[in-house]
Amino acid sequence: MVDIDLSQLPFTLLDDRGRERVARGADMAYFDSDEVVLEAGQPGEFVFIIHKGEVAEFDPHAPASHSRIAHYTAGDLFGAISILNGTSRYRFKAEQESLCYVIPKALFERLCDDYPAFADFFRHGLVQKTRLLAERRIESGVNMAGFMLARISECMRAPVIVDAVTTIAAAVARLNESHADSLLVGEGRRFGVVTKTDLLNALVMEGATQECPVVTIAHFELVSAGPDQYLFDALVQMTRHRVARVVVVEQGRPVGVVELTDLLSYFSSHSYMVGLELEQADTVEKLAHASAKLPGLVQTLMAQGVKLRFVMDLLAALNGRIVEKAFQFLTQPHHRARSCLMVMGSEGRGEQILKTDQDNALIVADGIDWPECAAVMQRVTETLCTLGYPPCPGNIMVSNPAWVNSESGWRTAITRWAERRDGTSLMNLAIMMDAHGVAGDTRLLERLRRHLFDSCAHDELLLSHFARAALHFSAPLTLFGSLRKPRHGIDIKKGGIFPIVHGVRTLALECRITATSTLARLEALAGQGRLEADFAADLGEALALFIELRLKRQLAQLDGRQSSDEPNLIMVQSLSSLERDLLREALHIVKDFQQRLTHRFHLEY
């Protein structure tokens with residue numbers, strides 16, 4: 001019996017008896033430096049687990065400069081896919097003297113037959129493997145937050161519904177009877193909401209009588225969700241829309257209401273309390289105090305195992321609200337009503353978790369008289385600096401007159417960029433593609449986006465130039481090198497995040513997809529049949545993995561556990577064996593995506 005560590009995936013998918021079978025059936029094999037361990041086209045006879053040494057994986061059909069596709073060190077596993085497929089697709093060669101545990105094919109196949117979950121691990125794609133990684137973290141002591149698993153149906157109250165002809169007096173009586181804070185008013189097929197505050201204002205401030213129909217004060221633009229959605233979704237909705245309740249709708253009819261008080265009873269962390277503090281902030285100083293709590297909120301949510309997409313959605317909503325309130329403090333209502341402040345870059349895509357550089361612009365409605373606009377925008381930039389958003393090194397900020405323009409001025413600029421197709425123009429189009437309105441009249445941005453699509457979506461030559469940037473950085477599969485050298489690392493932004501973000505942005509431009517987040521764009525592309533659903537899901541998981549690895553490094557820097565080196569540089573030797581495996585697979589997906597973009601937009605020429 002060999003002494004082999006079976007405490008990691010996939011062997012944790014076996015029971016004690018299964019792991020004992022592995023320990024009794026495994027053997028040891030020695031390979032000299034440069035010796036081929038498994039040749040391409042050779043039948044798979046063993047699963048190899050490296051005890052000491054290093055093994056590289058090569059694609060014999062690829063050009064020499066791109067043939068080295070993976071690197072394995074102590075604890076890494078390879079050869080299983082060769083057994084499942086019958087032969088090996090790639091060549092595995094020892095890069096130094098290596099000692100491996102070897103599991104015979106017959107034993108491996110019996111284990112796959114006896115333990116379906118063990119077999120599935122090798123057949124699964126990136127989505128399922130990242131889920132297994134999350135489950136392993138939970139088992140190892142990181143608890144999934146309760147609100148991650150709670151559904152809206154578990155927390156909602158039965159709705160109080162009245163007819164449109166109900167009087168205000170009768171509505172007040174119904175609220176008192178039901179001890180509710182709001183009621184729904186049905187008028188035909190639509191429903192509106194009325195709160196206690198609405199009733200009080202109507203009677204005291206607006207001079208309504210008790211006999212007035214309650215429908216006259218109802219709000220029909222509801223913030224709604226489905227009963228099967230996560231309760232965390234309701235939190236994001238409340239934060240984004242600045243409301244204290246979400247109406248639960250099923251098959252077009254309201255079936256419940258989730259109130260703020262219901263949410264507060266579910267959230268063990270003070271995540272929503274940050275949102276409340278933001279809402280109550282009436283000075284820049286108080287807003288800065290609330291804003292300073294966001295990094296701690298991120299750490300809390302990540303420590304509790306909250307899925308990264310939920311964290312990104314919540315932080316995007318909170319950051320958007322911070323910028324919006326700062327804009328409100330510094331501008332007059334009539335100017336806000338005729339302008340739109342937009343955020344761009346990772347913030348516009350909702351993929352900014354920790355605060356990054358400012359990246360914003362302003363649309364001013366045609367014909368508005370705002371002579372002090374430049375001075376006000378300078379104060380906006382300075383205020384955002386105070387709130388923890390550093391200036392943009394590229395000066396893409398409202399304090400720069402180049403990023404403040406009238407609606408017609410922006411339309412002219414977009415047309416000019418589309419015609420020029422030079423590097424700067426293409427970059428500006430990409431920036432505008434990710435723009436998200438956070439304050440003022442967002443319809444101004446919606447109209448500009450339609451103009452951008454009209455100018456670019458059907459221009460094959462422009463799309464080809466636009467897509468080329470996604471190939472500027474190749475997937476760094478050949479940069480794993482020797483994991484023993486601390487200076488070796490991967491620039492996860494250049495090699496992983498940017499190719500996915502910009503490639504998906506290009507397809508979204510071609511397909512006129514208005515969503516700005518990369519994950520939402522992927523869902524829309526899959527919905528349109530532009531990408532296979534499985535491949536779109538794998539791209540999304542790859543992006544989430546890259547962002548999470550970068551976030552861990554950033555949080556470690558905040559805690560002082562790592563130096564303040566380049567935050568995008570991921571040290572692969574610090575990752576677990578499974579994380580390295582996932583990273584390798586995710587980078588292969590990036591490489592595949594780049595090849596697809598090459599063929600679609602004829603970039604091979």
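This is a short walk through the structure above, from the whole chain down to single residues. Keep in mind as you read that the model is predicted.

Let us start with the whole chain. It has 605 residues, and 52% of them are buried. Its secondary structure consists of 25 helices and 20 strands. How far apart in sequence are the residues that meet in space? Take the contacts between residues at least 6 apart in sequence: 72% of them join residues at least 24 apart.

A good place to look next is helix α19, which covers residues 423–433. This helix is mostly covered, with eight of its 11 residues buried. The buried ones are Ser425, Leu426, Asn428, Leu429, Ala430, Ile431, Met432 and Met433. What do they pack against? Their partners are the strand β15 (339–343) and the helices α18 (407–420), α20 (443–456), α21, α22 (492–510) and α23 (518–527).

One of these partners, α21 (residues 460–468), deserves a closer look. Two packed helices are described by the angle between their axes and the distance between the axes. For α19 and α21, the axes come within 10 Å and cross at roughly 85 degrees. Angles of 65 to 115 degrees count as roughly perpendicular, so that is how α19 and α21 stand to each other. On the α19 side, the contact is made by Leu426, Leu429 and Ala430. On the α21 side, Leu462, His465 and Phe466 take part. Sorted by class, the residues of this contact are five nonpolar and one polar, with no charged residue. If you wonder about the spacing of residues along a helix, there is a simple rule to remember: an α-helix has 3.6 residues a turn, so residues three or four places apart point the same way.

Now stay in α19 and pick out Met432. Is Met432 buried or exposed? Its relative accessibility is 3%, so Met432 counts as buried. Leaving out residues up to four places away in sequence, Met432 touches Met342, Trp410, Ile414, Trp417, Arg449 and Leu452. Along the chain, Met432 and Asn360 are 72 residues apart, yet their C-alpha atoms are separated by 9.9 Å.

Asn360 also leads us to an empty space inside the model, since Asn360 is one of the residues that line the largest cavity. The other lining residues are Val323, Val343, Glu347, Gln358, Leu384 and Tyr389. By class, this lining divides into four nonpolar, two polar and one charged residue. The volume of the cavity is about 30 Å³, and the count of cavities of 30 Å³ or more comes to one.

Next, let us visit two glutamates in helices towards the end of the chain. Glu548 sits in helix α24 (residues 533–559). With a relative accessible area of 17%, Glu548 is buried. Its C-alpha lies 7.1 Å from that of Leu308, although Glu548 and Leu308 are 240 residues apart in sequence. Glu579 belongs to helix α25 (residues 577–600), and its 11% relative accessibility makes Glu579 buried as well. The C-alpha atoms of Glu579 and Leu549 are 9.3 Å apart, with their positions 30 residues apart in sequence.

For a strand residue, turn to Tyr30, which lies in β1 (residues 27–31). Tyr30 is partly exposed, with a relative accessible area of 47%. Setting aside neighbours within four places in sequence, the contacts of Tyr30 are Glu35, Glu97, Ser98 and Leu99. Ala94 is 64 residues from Tyr30 along the chain, and the two C-alpha atoms are separated by 9.8 Å.

We finish with two loop residues and their backbone angles. Gln251 has a phi near 55 degrees, a positive value in a residue other than glycine. You will find Gln251 in the loop between β13 (245–250) and β14 (253–259), where it is exposed at 80% relative accessible area. Asn395 is not a glycine either, and its phi is positive too, at about 60 degrees. Its loop runs between α17 (373–386) and β17 (404–406). Is Asn395 buried or partly exposed? At 34% relative accessibility, Asn395 counts as partly exposed.

Key. Residues numbered from 1 in each chain as written. Predicted model: local features only at pLDDT ≥ 70, side-chain atom pairs only at ≥ 80, totals over all residues. Heavy atoms only, no water. 1 Å grid on protein atoms, 1.4 Å probe; cavity = no way out; pocket = protein on both sides within 12 Å on 5 of 7 lines; lining within 4 Å. Points joined across faces, edges and corners; volume = space filled by probe spheres on them. Nonpolar A, V, L, I, M, F, W, Y, C, P; charged D, E, K, R; others polar. Axes fitted to C-alpha atoms, helices over the stretch in contact; angles between N-to-C directions. Helix = DSSP H or I, 4+ residues; strand = E, 2+ residues; numbered from the N terminus. Parallel < 35°, antiparallel > 145°, perpendicular 65-115°, else oblique. Contact = heavy atoms within 4.5 Å. Buried < 20%, exposed > 50% of the residue type's maximum accessible area, 1.4 Å probe, protein only.
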